[in-house]
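The following exercises concern a single protein chain. Each one sets a task and is followed by a solution in steps.

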Amino acid sequence: MDSKICYGLRPVDSADFVEVDGYIVDKQVLGDYNKLKKTFAKSGFALRIESAYRPFERQLSIWNRKASGELKLLSAEGLPMERPDDDEELMYAILTWSALPGASRHHLGTDLDVVDGNACPAGYEVELTPAECDGMFRPFHEKLSELIGAGESFGFERVFVPGRGKIQPEKWHIAHLPTSRKYLENFSLKDLRALYEKTDIACKSALLDNLESLAENYIYPYFV
């Protein structure tokens with residue numbers, strides 16, 4: 001795959017990556033992640049990764065399964081919603097909580113979805129929803145906000161925040177900005193269009209017809 005596509009998307013076996021607790025991350029973030037984990041531990045939290053690097057194929061699978069109804073769609077409030085019949089409406093419904101394949105920050109290997117492992121009941125399956133953030137994980141996210149606000153989060157910050165673009169805020173998603181900024185420089189909307197044209201992606205016509213406006217609302221605002 002062309003190195004310019006998808007922020008310079010790298011294969012999972014790239015020498016740039018290491019495995020952390022069963023997830024793949026860019027090795028440049030490992031030291032700061034361990035520091036952040038130790039900082040949380042001092043306050044009684046167990047920083048736990050729920051998602052990290054995703055190859056294009058996995059993000060594409062998530063997108064297509066949401067489009068087909070195999071995976072549930074959630075409203076802006078995080079509640080299950082019915083699948084729209086119109087492709088453009090369906091595209092925007094998916095975008096409420098899922099990034100465009102090829103333009104997901106999870107392709108970078110620098111972004112993590114995190115929770116407090118100590119707050120999870122035995123056997124509980126994390127869903128990464130606003131309700132969890134305001135419920136069982138509220139103390140954890142309050143601590144994370146405190147660390148970010150004090151400049152003590154070791155380069156990790158939230159990127160999906162209120163008032164930035166049209167993706168719903170995701171308190172659980174943090175990015176190691178010093179590393180991710182280097183990969184963002186490689187993004188090419190022209191290459192992303194070419195990728196979609198040759199990919200079996202749901203809502204293809206709607207995506208191609210609206211790609212420039214989608215980039216303005218769902219991609220570029222998160223180049224931070």
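Helices (H or I, at least four residues) and strands (E, at least two) are DSSP runs, numbered from the N terminus. The model is predicted, and local features need pLDDT of at least 70, side-chain atom pairs count only at pLDDT 80 or more, while totals for chains, interfaces and linings use all residues. Residues are numbered from 1 along each chain as its sequence is written, and side-chain values use heavy atoms, with hydrogens and water left out.

**Exercise 1. Positive phi angles**

Locate D21 and C203, and determine whether each is buried or exposed.

Solution.
Step 1. D21 is not a glycine, yet its phi is positive, at about 50 degrees. D21 is placed in the loop between β1 and β2.
Step 2. C203, likewise a residue other than glycine, has a positive phi near 65 degrees. C203 belongs to the loop between α7 (189-197) and α8 (204-209).
Step 3. Buried means under 20% relative accessible area, exposed over 50%, and partly exposed in between (1.4 Å probe, protein chains only). D21 therefore counts as exposed, at 51% relative accessibility, whereas C203 counts as buried, at 6%.

**Exercise 2. Salt bridges**

Identify which residues pair with R10, and state where the partners lie in the chain.

Solution.
Step 1. Side chains of opposite charge can pair when their charged atoms come close. A salt bridge is a side-chain nitrogen of Lys or Arg within 4 Å of a carboxyl oxygen of Asp or Glu. By this rule the count comes to 12 salt bridges.
Step 2. R10 forms a salt bridge with D16 (3.1 Å, N to O). R10 also forms a salt bridge with D26 (2.8 Å, N to O).
Step 3. The pair of D26 and R10 links distant parts of the chain: D26 is in strand β2 (residues 23-26) and R10 in the segment before β1 (17-20), 16 residues apart.
Step 4. R10, D16 and D26 are thus linked in a network of salt bridges. Within this network, R10 is buried at 10% relative accessibility, D26 is buried at 0%, and D16 is partly exposed at 28%.
Step 5. For a further pair, consider K35 and D32, whose side chains meet in a salt bridge (3.8 Å, N to O). K35 and D32 are three residues apart in helix α1 (residues 30-42), so about one helical turn separates them. K35 is partly exposed, with a relative accessible area of 44%.

**Exercise 3. The nonpolar cores**

State which residues of the largest nonpolar core touch the most other members.

Solution.
Step 1. A nonpolar core is a set of buried Ala, Val, Leu, Ile, Met, Phe, Trp, Tyr and Cys residues joined through side-chain atoms within 4.5 Å.
Step 2. The largest core has 37 residues, of which W63, M91, L100, L192, Y196, L207 and I219 touch the most other members.
Step 3. At least two residues of this core are supplied by each of α2 (56-68), α3, α7, α8 and α9 (211-219).
Step 4. Another core, of 17 residues, lies apart from the largest one, and V25, A52, L112 and L147 are among its members.
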